[in-house]
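Me: I'd like to go through this model with you and ask why things carry the labels they do. Could you show it first?

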Amino acid sequence: MADLTLTTFNWVPEPPRGWVRDLRVRWALEEAALPYRVASVPFDDRGAAHLAHQPFGQVPWLTDGDISIFETGAILLHLGDRSEKLMPKDPRGRAETTKWLFAALNSVEMASLPWGMSKFMGHPTDTAAWKFVDDFLKLRLKHMEAVLANREWLAGTFSVADILMSDVLRVVDQFDGLADGPACRAYVARATARPAFAKAHADQMAHFAAADAAR
């Protein structure tokens, strides 16, 4: 089995700690008990070597031998091929997992990201622009509430789809955006109560905290 290396920033400011998306990959690796190492790139200097792996200057990326993969959805699909703890092997289970993974990215996060960024930046909430963003997210959450009211996990058993969807919804919950969605809120609570999430979150926080002394 080729070595797996997860690359993230060497440091980030305090507000995004616990939310940087290498957490999603750490979580999957811990769920599957796949051995891996963590490497770092400078937060303040995103040069050619960084852009060669991640052309947008973001993190994370994963190297698997001589394969380099960026975008968390793509990384999670790749890891799903490594472990049935992340992705069912039967065609139906794989299809269910894949469609919900893309739904997390394309249907839910596309609505939650501008909403969450506006909340984080403290933008006014009495504008037509905010109403559009808020209504768009509420519509997506209404559909997710109906889905999650009838199932524990999106594809039957816990999978990479749940890592992505629960992390997307976790951001909304941070700003109390799931107050009217008990099923969504309970889903996030179930997912983040998993030992693999706790380990991944603690490791990310420790990684960035350890870099403070070097700055």
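Me: Why is Leu113 called partly exposed?
Reply: Happy to explain! In this predicted model, Leu113 has a relative accessible area of 42%. Buried would need under 20% and exposed over 50%, so Leu113 falls in between and counts as partly exposed. Leu113 is part of helix H4.

Me: What makes Leu113 eligible for a nonpolar surface patch?
Reply: A patch residue needs over 30% relative accessible area and no salt bridge. Leu113 has 42%, so the area requirement is met. Together with Met117, Phe120 and Met121, Leu113 makes a nonpolar patch of about 420 Å².

Me: How do you know that Asp81 and Arg94 form a salt bridge?
Reply: The N to O distance between their side chains is 2.9 Å. The cut-off is 4 Å between a side-chain nitrogen of Lys or Arg and a carboxyl oxygen of Asp or Glu, so this pair qualifies.

Me: And what makes this pair a tie between parts of the chain?
Reply: Asp81 sits in the loop between helix H3 (72–80) and helix H4 (91–121), while Arg94 belongs to helix H4, so the salt bridge ties together parts 13 residues apart in sequence.

Me: Are Asp81 and Arg94 buried or exposed, and why?
Reply: Neither label fits. Asp81 has a relative accessible area of 46% and Arg94 has 31%. Buried ends at 20% and exposed begins over 50%, so both residues are partly exposed.

Me: Which residues does Arg185 bridge to, and how do you know?
Reply: Arg185 pairs with Asp173, with the closest N and O atoms 2.9 Å apart, and with Asp176, where the closest N and O atoms are 2.8 Å apart. Both distances are within 4 Å, so both pairs count as salt bridges.

Me: Where do Asp173 and Arg185 lie?
Reply: Asp173 is in helix H6 (residues 160–174) and Arg185 in helix H7 (residues 182–192); this pair links distant parts of the chain, twelve residues apart.

Me: Why is Asp173 not called buried?
Reply: Asp173 has 23% relative accessibility, and buried means under 20%, so Asp173 is partly exposed. Arg185 at 31% and Asp176 at 48% carry that label too.

Me: How many salt bridges does the whole structure hold?
Reply: The search finds 17. Elsewhere, a network of salt bridges links Arg21, Arg24, Glu109, Asp167 and Arg170.

Terms used:
Residues are numbered from 1 along each chain as its sequence is written. This is a predicted model: local features need pLDDT of at least 70, side-chain atom pairs count only at pLDDT 80 or more; totals for chains, interfaces and linings use all residues. Side-chain values use heavy atoms; hydrogens and water are left out. Helices (H or I, at least four residues) and strands (E, at least two) are DSSP runs, numbered from the N terminus. Buried means under 20% relative accessible area, exposed over 50%, partly exposed in between (1.4 Å probe, protein chains only). Patches are made of residues with over 30% relative accessible area and no salt bridge: like charges are joined within 9 Å, nonpolar side chains (Val, Leu, Ile, Met, Phe, Trp, Tyr) within 5 Å. Accessible areas come from the Shrake-Rupley method with a 1.4 Å probe; for residues, only the protein chains shown count as cover.
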